[in-house]
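Me: I've got a structure open and would like to talk a few bits of it through with you. Mind if I fire off some questions?

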Amino acid sequence: MGTGAVAAVSVERTKQRRSGHLWKKALLHFSLCFVMGFFTGFAPSSSSSWKAGTQQPPHRAGDPLAASRVAVNARANMVPPAAGETGLAASGGAMVDVGDDDEEAGPRRLLIVVTTTRSGAGERRRRRPELLRLAHTLRLVRPPVVWVVVEPAADAPATAEVLRGTGVMYRHIAFKPEENFTTADAEAHAQRNAALAHVEKHRLAGVVHFADAAGVYDTHFFDEIRQIEAFGTWPVATMSAGEKKVVVEGPLCSASKVVGWFSRDFNDGTTRAVTYNTEADLNPAGAAGTRAHTIDVSGFAFNSSILWDPERWGRPTSLPDTSQDSIKFVQEVVLEDRNKLKGIPSDCSQIMVWQYSVPNYIPLQTSAPKTHSRR
């Protein structure tokens, strides 16, 4: 009996010791998990802000935050590459490699969208809604995109507030004219030269397009002009609300090769066109009835490197009025070097850009009230 009692006591003590060890292990595990969870709560939720150049999360064209999210790190890519670098230097444009779910993977060329504004009380009232509409379009464009907005310095504070809330990477240029402009076209021409001077000064390598704030765009249009290596052109539809007139002007194309120019008035149904007779015919000024010799700025885009490296595109460096009138220089180059001119889209049969001309005021037609005579 004595031996059995001792054995029972020994077994009971062994069970108590094992139970105590289990509680100690559980308490130790709980403490470790609590401490790790406590300090994990102070860690950043994403590693994208730890260093520059971290890959951004995938985004879609319709993502409203895509433009503003990529704009944070895309600024570094706007600097032109060094002479010894490969890839970007060969393509002549700043590119960004971002994740995408579509088939077109890899780097994309920077789009430089230039918008000018007009002075005047009526234009100021329309400026905010027009800029907001264009900003919503640019937010749907896949990055990298930089929006260069030029306007008179007196109107800059109000527009700056609008641009800050768009979510689009932008550069705001307050334009101080040296002379008083007599026409709106002269003012817009000077503002475009100011924008090109900014692009040339900061070497913004990419594709330049002049987008009117009153324009309407197919979002696929911006993917098309990204493929431009030198110069590109496309049909533009101009609609005038005051004159109730619709005109389409642009290039005649064989595949993506420009073979002439046309202008079609949908009001009277007339079409005027001219084609190049021979490969040596480089002067489209003989296109009577068309605007080929003065191609509209909304109807072409070009590689910005021609502003500071004209020899690369077969142009002499000593040209008169190149620095003073850059937009005129570019328009002449686009028309003269038609072998480098690409039609967009490939057959130039689709209208992707619409320009609206709306008067500042539309008079209301009032009629005299009808009177009823009693018999």
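Me: Which helix is Asn 193 found in?
Reply: Keep in mind that this is a predicted model. Counting from the N terminus, the helix that spans residues 184-201 is helix 6. Asn 193 is found in helix 6.

Me: Is Asn 193 buried or exposed?
Reply: The cut-off for buried is under 20% relative accessible area. Asn 193 has 13% relative accessibility, so it counts as buried.

Me: Which residue's backbone nitrogen lies 3.0 Å from a polar atom of the Asn 193 side chain?
Reply: Try looking far along the sequence: Ser 326 is 133 residues from Asn 193, yet their C-alphas are 5.7 Å apart in space. Helix 8 (326-336) is also among the elements covering the buried residues of helix 6. The backbone nitrogen in question belongs to Ile 327.

Me: How many Å does helix 6 reach from its first C-alpha to its last?
Reply: Helix 6 has 18 residues, and at 1.5 Å a residue you'd expect 26 Å. The model comes out close to that, with a reach of 26 Å.

Me: Which residue just after helix 6 takes a positive phi?
Reply: Helix 6 covers residues 184-201, so look just past that stretch. With a phi of about 50°, the residue is Arg 203.

Me: Which helix gives the largest share of the lining of the second largest pocket?
Reply: That pocket has a volume of about 230 Å³. Eleven residues line it, and Ala 190 is one of the closest to its centre. Ala 190 is also one of the buried residues of helix 6. The largest share, four residues, comes from helix 6.

Definitions and conventions: Residues are numbered from 1 along each chain as its sequence is written. This is a predicted model: local features need pLDDT of at least 70, side-chain atom pairs count only at pLDDT 80 or more; totals for chains, interfaces and linings use all residues. Side-chain values use heavy atoms; hydrogens and water are left out. On a 1 Å grid over the protein atoms alone, a cavity is a set of points where a 1.4 Å probe fits but cannot get out, and a pocket is an open set with protein on both sides within 12 Å along at least five of seven lines; lining residues have an atom within 4 Å of a point. Grid points are joined across faces, edges and corners, and a volume is the space filled by probe spheres set on the points. Helices (H or I, at least four residues) and strands (E, at least two) are DSSP runs, numbered from the N terminus. The expected span of a helix is 1.5 Å times one less than its number of residues. Buried means under 20% relative accessible area, exposed over 50%, partly exposed in between (1.4 Å probe, protein chains only). Contact means heavy atoms within 4.5 Å. A polar contact is a pair of N or O atoms within 3.5 Å; within protein, one must be able to donate a hydrogen and the other to accept it, and residues adjacent in sequence count only if both atoms are side-chain atoms.
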